[in-house]
Amino acid sequence: MSQEGKSFRPYVAPEHNVAEFTMKSVVFGALFGILFGSSTVYLALKAGLTVTASIPIAVIAITLGRKFLKTTILENNIIQTTGSAGESIASGVAFTLPAFLFLSVGANGESIGADYFSYLTILILAAFGGMLGTLMMIPLRRSLIVKEHGTLPYPEGTACASVLQAGEKGGDFARTAFMGMGVAMLYAILQKVVHFIAETPAFITAQANKYWPSAATRAEITPEYLGVGYIIGPRISGVLVAGSVLAWWAITPLLSTIVSPDTIALQLVKLGYLADLNASGGPGAWDPQAHTFGSYADAIYRAYIRQIGAGAVAAGGFITLMKTIPTIISSFRESMGSLKEKNAGGTVLRTEQDLSFKVVLIGSVILVLVVALLPSNIIPGDSIFQKLFIGVLIVIFGFFFVTVSSRIVGLVGNSNNPISGMTIATLMGTCLIFTSVGWSGKFYEPLALVVGGMICIAAANAGATSQDLKTGYIIGATPKYQQLALFIGAIVSSIAIGLVIKILDTPTPEMVAQGLEHAIGSDKYPAPQATLMATLAKGILSFNLDWQFVIVGVFIAVTLELCGIKALAFAIGLYLPLSTTLPIFAGGALKGFIDWNAERKGQKKEDDELGKGSLFATGLIAGGALTGVIVAILSVYYQEVLDAINVEHGMVSGLGEGGYMILGTLLFIGMMVILYRLATKKESL
């Protein structure tokens, strides 16, 4: 354990007063929070995955700050601190709050939580969850960031500090990231706006095929998926696609052979995808006259695979929780032990000035009171007592898991923070507390989800906050200014995140024709993590699950763990369409090949954070996801304009459907070649 950092000297000395918490740094940080928060929501809903935004924001802040804003290193730190709050809150929101749409069905045929999936509820839960994560980190900063400087490395925070210091010394880190954004945006415009590039090339075997019936091979060849795969690497992307391979190339052909079309259709009716057996359409395009599906693969995916996948994700998350319980308990014990040590008196240096502990106490009381006093159409609950109880649970669980989250990311980094495991524990604990006091049944599902959602957001933001405070400690920032910036970032980004998530939820005309009222939960935005949370709430409080399918998924996860494979990534792949995981695997395989080739030649592997390939991949993610958000907004308000510039019909007429898909695949491979060439260039940044 370090000696409270006494021997440590920050980059900017405590006695030096440098411009830091300025209007331009906060405004630009908030803008980055909106941009990266929006792209994170999009990515989390589509693939159930996110990547940290702190380093890309720091890289961009250096370049823009030096060339246009004339910012200091401490102002650049405030920019990345404010901006990173948006990304972390967005991931917490996307992983939990869409679960309101997947809870038990009420008398009106909709999820009992659908009314709470409103902009105002999302805004309040996102902002309060984000502020809770920052609030609880105020008293923990000194014990975790300062006193344990030598034992808790906080990898992303340390990397950000290196980037900011290198920026002071010169060097253009951001050029490669901006290049990736430019390539991604151009590609995405050609694909999602003009439709010159096929979105999802596919090869599907016929149902009559005697060897491999209704096996669907699809790939949504987008720049953001390529970038995600490159960053998460070959191991995780390989396990992820393996789940989809099992679902789409093994289970689906088997079920299409042994289960009759009418039985599949009845299951779709039970799940609400079809009105009755006489209604046409729905997933797989059911034909009631011929008693067949246009696509058996899509029908089986909706009828069976998603429920099997939900069971696997739930089991994988629970197993992850069980594995991390010793870490969680020891982290909390050690953090509380160090927190009890009182700070000696004397003059407080600039670099040790935190917001007052009174802010934590008053903020926690205000949070509980606001939750209790908000009307029941915003926060569920039929009495003030119920909602007071919810507020108290949020603060108690919040303090515990914020502490745990900070210590864990200090050791393994934000990307490996088991947020889903902590959320599962919170949700299960809340549900068990509810049942112990007689609060069982579907009415209480939304209440439990409020607690789980806010804790997920708080824990996610606490992890990012910890990395930011570590960066600030290394470079000599003022903690209270960082904490204020995090509060501002949480509020501003929550305003935008709520808008984006509601826009993305707007169904397309094709979805409306299929009877879908929400785009979230469809094949376009599967929201796998939120489905997991809804599955848990329904299973514990309402016993409202098709257990026979869920149990299959549970034992698939158990089997993988017995084989020594982490089940959660595989389970997410089992739940997601192959069209999502296959292009992610392409990026991971490319990263694996580049690293293998470097090792074979005795060369140094590229830096996972600051290498050209990683920076370009980050640009692909940001550019592709932001363009996806923009196109989603345009499709709500300007669909006629988008239809007028759509060239897909002409491309298919000229090249044939197969030629059109091959062209798209070749252009995707071309983007992979660009990434490969940049990653293997020998010049340093």
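**Exercise 1. A salt bridge across the chain**

Is Asp 354 buried, partly exposed or exposed? Then find its salt-bridge partner and place both residues.

*Solution.* This is a predicted model: local features need pLDDT of at least 70, side-chain atom pairs count only at pLDDT 80 or more, and totals for chains, interfaces and linings use all residues. Residues are numbered from 1 along each chain as its sequence is written, and side-chain values use heavy atoms, with hydrogens and water left out.

Step 1. Take the scale: buried is under 20% relative accessible area, exposed is over 50%, and partly exposed lies in between (1.4 Å probe, protein chains only). Asp 354 has a relative accessible area of 25%, so the residue is partly exposed.

Step 2. Take the rule: a salt bridge puts a side-chain nitrogen of Lys or Arg within 4 Å of a carboxyl oxygen of Asp or Glu. The partner of Asp 354 is Arg 141, with the closest N and O atoms 2.6 Å apart.

Step 3. Place the two. Helices (H or I, at least four residues) and strands (E, at least two) are DSSP runs, numbered from the N terminus. Arg 141 sits in helix α5 (residues 141-146), and Asp 354 in the loop between α10 (296-340) and α11 (357-373), so the pair ties together parts 213 residues apart in sequence.

Step 4. Check the partner. Arg 141 is at 2% relative accessibility and counts as buried.

**Exercise 2. Two further salt bridges**

How many salt bridges does the rule give? Work through the pairs of Glu 224 and Asp 298.

*Solution.* Step 1. The count is 8 salt bridges.

Step 2. Glu 224 meets Lys 192 at 2.9 Å, N to O. Glu 224 lies in helix α8 (residues 223-258) and Lys 192 in helix α7 (residues 174-193), so parts 32 residues apart in sequence are tied together. Glu 224 is buried at 0%. Lys 192 is buried at 9%.

Step 3. Asp 298 pairs with Arg 218, the closest N and O atoms being 3.1 Å apart. This pair links helix α10, which holds Asp 298, with strand β2, which holds Arg 218, 80 residues apart. Asp 298 is buried at 18%, and Arg 218 is buried at 17%.

**Exercise 3. Aromatic pairs**

What kind of aromatic pair do Tyr 42 and Tyr 525 form? Do the same for Phe 100 and Tyr 116.

*Solution.* Step 1. Rings of Phe, Tyr and Trp (its six-membered ring) pair if their centres lie within 6.5 Å; planes under 30 degrees apart are stacked, over 60 edge-to-face, the rest tilted. The structure holds 16 such pairs.

Step 2. Tyr 42 and Tyr 525 are edge-to-face, at 6.1 Å centre to centre and 70° between the planes. Tyr 42 is in helix α1 (residues 23-47), while Tyr 525 is in the loop between α16 (509-513) and α17 (528-542), 483 residues apart. Both are buried.

Step 3. Phe 100 and Tyr 116 are tilted, at 6.1 Å and 45°. Both sit in the loop between α3 (73-96) and α4 (119-137), 16 residues apart. Phe 100 is buried at 1%, and Tyr 116 is buried at 15%.

**Exercise 4. The buried side of α9**

Which residues of helix α9 (residues 261-271) are buried, and how are they arranged?

*Solution.* Step 1. The buried residues are Ile 264, Ala 265, Gln 267 and Leu 268.

Step 2. Seen down the axis, they fall within an arc of 155° (taken from the directions from the helix axis to the C-beta atoms), so they line one face of the helix.
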